[in-house]
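User: Please take a close look at one part of this structure for me. I am a first-year student, so keep the sentences short.

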Amino acid sequence: MQNDAFANALAQFEIAEDLLELEENIAVQLKSPQKLLRVSVPVKMDDGRLRVFTGYRSQFNDARGPFKGGIRFHPEVNESEVMALSAWMTWKTAVVGLPLGGGKGGVIVNPAELSEGELERLSRGYIDAIYKLIGPEVDVPAPDVYTNPKIMGWMLDEYEKLVGRQQKSVITGKPLSIGGSQARGYSTAQGAVYVLDEAVNRIGLERGASVAIQGFGNAGAFMAKLLAKEGYKIIALSDSKGAIMDVGGLDVAQVAEHKKRSGSVAGFPGSRAIEDILSLETDILVPAALENSINEANAGLIRAKLIIELANGPVTPEADKILEEKNILVVPDILANAGGVAVSYFEQVQNSYNYYWSEAEVLAKLEETMKRSFEEAWAEKEKHKTSMRMGAYVLAVGRVAQAMRDRGRI
Ligand code: NAD
């Protein structure tokens, strides 16, 4: 199936499998999740009707540590997507050297159509359905698309009620008042900025380089703010309702204000509406929305010199080939957006100690993690004369495979 997320994840894995000459007994185990749960979540709606939502939790691999990965609330969630995201989480935690595995969850729902009360009942209901499968030493969820710290707070509360004790490290991305970490809110974007700085140096771009960002949600909006602060010129932004451009540079704080008021970046005063943000003349392109946005049909039109994958799976394997031929450097999702899970891990560590770090301490650890991982992935890219994606995959898959050998899972 074209643009089937899990098929794409497998295609990427198989290239790394060949580069690493991975033994068959390990490779076969890394082609499907260890466990896949599908649940029905009944929710009493405000009008008294009962609706049943479908949810998933995919536990891909736990050789290096507990499964770890977000929960997505989106109308297009499906089994293939959840499995792919859980595989990518496995490689992501490994590429940045965290002692964690990979998992992912999701519920098929458009949260914008729910009232606050309905959303809370759905969030608690999802935990009721999966709580026996998660835990600080088993599987640790976090936010993803259309879920946020408030939802994590409800989920934590529900889990603790069910198990009858405090267990803050069962979930990350929590509000600060109940065990969240400093910097977690913008950690994905901050981590991506650290690797972007490294990539910019490698290919000789300037600090003032132009940037276009697709998706202005949690990850994309923070990325825009942080890059603008660092002196990059944000020339285009988009969300699900439209795309805007200003070659002179957009005022990101004001765009955020405008979006708060109107619900979209579209119509920002002084900007020009554009049809397609991906094919713009820009130095750096940051896909920060959903999977498959850069595919066989549009990869040939891309003019950026550098792509930083803030979203998960935004470039299909077919598009990867085209971008490689065009000599465009792609910093892959499993590395570029790993800052979120890195700080999630720091959050868990702080919960276990019940002792909390300052924002500066968290950022110092994040910077070290991201820059070291970029260097290590780059070294693999050079060693195997391959793409940056495959450099990162070789590093990650190699680490997971070693943990499996050491556990005797062979
Ligand atoms: P979000 O829900 O906060 O934002 C998603 C954004 O994408 C919204 O602005 C939405 O309008 C926009 N969007 C949706 N469809 C679009 C389209 N067709 N064109 C342009 N924009 C579109 O979600 P998020 O947390 O920012 O996640 C975005 C991506 O980053 C996802 O792939 C997610 O898995 C990945 N990611 C997020 C985190 C995190 O910590 N938030 C961590 C790692 C990876």
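Which strand does β3 pair with over four bridges, and in which sense? Please work outward from there.

Analyst: Strand β3 pairs with strand β4, residues 102-108, in the parallel sense. Four bridges join β3 and β4. One position helps you find the pairing on screen: Arg72 stands opposite Gly106 in β4. Keep in mind that this is a predicted model.

Now turn to the other partner. β3 also pairs with strand β5, which covers residues 139-143. This pairing is parallel too, and it runs over five bridges. Here the position to look for is Phe67, which stands opposite Asp139 in β5.

How enclosed is β3? The strand covers residues 67-74, and eight of its eight residues are buried. Buried means under 20% relative accessible area. That is why β3 counts as largely enclosed by the rest of the structure.

Follow Asp139 next. Its side chain makes a polar contact with the side chain of Arg57, at 2.7 Å. Arg57 lies in strand β2, residues 50-61. Is Arg57 buried or exposed? Its relative accessible area is 0%, so Arg57 is buried. Arg57 also has Val39 to compare in sequence and in space. The two are 18 residues apart in sequence, and their C-alpha atoms are 8.4 Å apart.

Go back to Arg72, because this residue leads from the strand to the ligand: a polar side-chain atom of Arg72 lies 3.0 Å from an oxygen atom of the ligand. Backbone atoms also come into play. A backbone N or O atom of Ala289 lies 3.0 Å from a ligand oxygen atom. For Asp239, a backbone N or O atom lies 3.5 Å from a ligand nitrogen atom. Taken alone, the ligand exposes 830 Å², and the protein buries 84% of that.

What surrounds the ligand? The shell has 22 residues. The closest are Asp144, Thr188, Asn218, Ala219 and Asn312. By class, eight shell residues are nonpolar, nine are polar and five are charged. Helix α7 (218-229) and strand β7 (233-239) each supply at least two of the shell residues. Domains matter here as well. Domain 1 (33-180) and domain 2 (183-354 + 361-410) each give at least three residues to the shell.

To retrace the route: β3 pairs with β4 and with β5, Asp139 meets Arg57, and Arg72 brings you to the ligand.

Definitions and conventions. Residues are numbered from 1 along each chain as its sequence is written. This is a predicted model: local features need pLDDT of at least 70, side-chain atom pairs count only at pLDDT 80 or more; totals for chains, interfaces and linings use all residues. Side-chain values use heavy atoms; hydrogens and water are left out. A residue is near a molecule or strand if one of its heavy atoms lies within 4 Å of it. A polar contact is a pair of N or O atoms within 3.5 Å; within protein, one must be able to donate a hydrogen and the other to accept it, and residues adjacent in sequence count only if both atoms are side-chain atoms. Accessible areas come from the Shrake-Rupley method with a 1.4 Å probe; for residues, only the protein chains shown count as cover. Ala, Val, Leu, Ile, Met, Phe, Trp, Tyr, Cys and Pro count as nonpolar, Asp, Glu, Lys and Arg as charged, and the others, Gly among them, as polar. Domain bounds come from an automatic or database domain assignment. Buried means under 20% relative accessible area, exposed over 50%, partly exposed in between (1.4 Å probe, protein chains only). Two strands pair if DSSP finds at least two bridges between them.
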